[in-house]
Amino acid sequence: MRAIRDRLRKVYGIPLAGPHGHPIAELILTVLSQSTNDRNRDVAYLALRERFADWESVRDAPVDEVEEAIRPGGISRVKSARIKAILSAISTDLRPPGAPPAQGPAALSLDWLGSQPVEEAQRYLVSLPGVGRKTAACVLLFALGMRDVPVDTHVSRVGTRLGLFRPRAPFEELHDTMLELTPPGQELELHLNLLRHGRRTCHARQPACGECVLAPLCPSAFAI
């Protein structure tokens, strides 16, 4: 894994972004990213934030108003219902033992996740409606700087071709394997650089093996 990391660094550098500290925002942003590109996701997110004053307002709004706001992101009917279900579930305050108490029944916050062990924080997030390991990992890594690594389709494809993952392994296993292989403190770097590599070079149908910095390490090079 360190050899992969070092070769990717030569092409993509070392990402330096720190955790932004807004776990609910990251959670909703990740929901909006499903089945669309980054631009449409960001347009939908900004429209949602401009239309509603806070997350409580989104939770309490009619679903058709949320749907209208996020329409640029695609499949807005499904995503609007999921967002409202997630925010409502957070409001029920199903926190693990030892978590700080809520600040009132209407309060919406996931800031307390940062004080939990990673496994407990993961367990809570995947208990929310429609939230899987990838979404949970995005929240923990990007918002809170916790030790988790999102495995999306690009990371899964590149990792499988490199022999890091068992072929056709379920996403739960992919996340566990990726986390086990990743040196502590390099979760963000490896996720982002593997993702970039999947987008720019290791394409799904026609990977550019002749231009690939990982080709000398890849058992699948020139075989697809």
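These exercises work through helix packing, pockets, cysteines and backbone angles in a predicted model.

Residues are numbered from 1 along each chain as its sequence is written, and side-chain values use heavy atoms, with hydrogens and water left out. Local features need pLDDT of at least 70, and side-chain atom pairs count only at pLDDT 80 or more, while totals for chains, interfaces and linings use all residues.

**Exercise 1. Helix H7**

Task: find which residues of helix H7 are buried, where they sit around the axis, and what covers them.

Solution.
- Step 1. Helices are DSSP runs of H or I with at least four residues, strands are runs of E with at least two, and both are numbered from the N terminus. H7 spans residues 118-126.
- Step 2. Apply the burial cut-offs: buried is under 20% relative accessible area, exposed is over 50%, and partly exposed is in between (1.4 Å probe, protein chains only). Val118, Ala121, Gln122, Tyr124 and Leu125 are the buried residues of H7.
- Step 3. Look down the axis. The buried residues of H7 fall within an arc of 165°, so they line one face of the helix. The arc is taken over the directions from the helix axis to the C-beta atoms.
- Step 4. Check contacts, meaning heavy atoms within 4.5 Å. The cover over the buried residues of H7 includes helix H6 (76-91), helix H8 (133-143) and helix H10 (171-181).

**Exercise 2. Helix H10**

Task: repeat the analysis for H10.

Solution.
- Step 1. Leu174, His175, Met178 and Leu179 are buried in H10.
- Step 2. Their arc is 125° seen down the axis of H10, so these buried residues line one face of the helix.
- Step 3. The packing partners of the buried H10 residues are H7, H8, H9 and H11.

**Exercise 3. The largest pocket**

Task: give the volume of the largest pocket, its central residues and the make-up of its lining.

Solution.
- Step 1. Set the terms. On a 1 Å grid over the protein atoms alone, a pocket is an open set of points with protein on both sides within 12 Å along at least five of seven lines, and lining residues have an atom within 4 Å of a point. Grid points are joined across faces, edges and corners, and the volume is the space filled by probe spheres set on the points.
- Step 2. The largest pocket has a volume of about 790 Å³. It is lined by 31 residues, and Ser33, Asp38, Arg41, Lys134 and Cys138 are the closest to its centre.
- Step 3. Assign the lining to helices. Helix H2 (23-32), helix H3 (38-51), H8, helix H9 (153-161), H10 and H11 each supply at least two residues.
- Step 4. Sort by class: Ala, Val, Leu, Ile, Met, Phe, Trp, Tyr, Cys and Pro count as nonpolar, Asp, Glu, Lys and Arg as charged, and the others, Gly among them, as polar. The lining has nine nonpolar, 14 polar and eight charged residues.

**Exercise 4. The second largest pocket**

Task: describe the second largest pocket and find which helix gives the most to its lining.

Solution.
- Step 1. The volume is about 190 Å³.
- Step 2. There are 14 lining residues, with Ala17, Leu141, Gly185, Leu188 and Glu189 nearest the centre.
- Step 3. H8 and H11 are the elements that give two or more residues. H11 gives the most, with three.
- Step 4. The classes are eight nonpolar, four polar and two charged.

**Exercise 5. Cysteines**

Task: count the disulfides, then examine Cys212 and Cys218.

Solution.
- Step 1. A disulfide is a pair of cysteine sulfur atoms within 2.5 Å. The whole structure holds zero disulfides.
- Step 2. For Cys212, the nearest cysteine sulfur is that of Cys202, 6.3 Å away.
- Step 3. For Cys218, the nearest cysteine sulfur is also that of Cys202, 6.5 Å away.
- Step 4. Cys212 is buried at 17% relative accessible area. Cys218 is buried, with a value of 17%.

**Exercise 6. Positive phi**

Task: locate Ile75 and Phe222, and state their phi and exposure.

Solution.
- Step 1. Ile75 is not a glycine, yet its phi is positive, at about 35°. Ile75 lies in the loop between helix H5 (63-70) and H6. Its relative accessibility is 47%, partly exposed.
- Step 2. Phe222, also not a glycine, has a positive phi of about 65°. Phe222 is in the segment after H11. Its relative accessible area of 63% makes it exposed.

**Exercise 7. Contacts of Ile4**

Task: place Ile4 and list what it touches beyond four places in sequence.

Solution.
- Step 1. Ile4 lies in helix H1 (residues 2-12). It is buried, at 7% relative accessibility.
- Step 2. Leaving out residues up to four places away in sequence, Ile4 touches Leu162, Leu164, Leu194, Leu214 and Leu217.

Technical notes
On a 1 Å grid over the protein atoms alone, a cavity is a set of points where a 1.4 Å probe fits but cannot get out, and a pocket is an open set with protein on both sides within 12 Å along at least five of seven lines; lining residues have an atom within 4 Å of a point.
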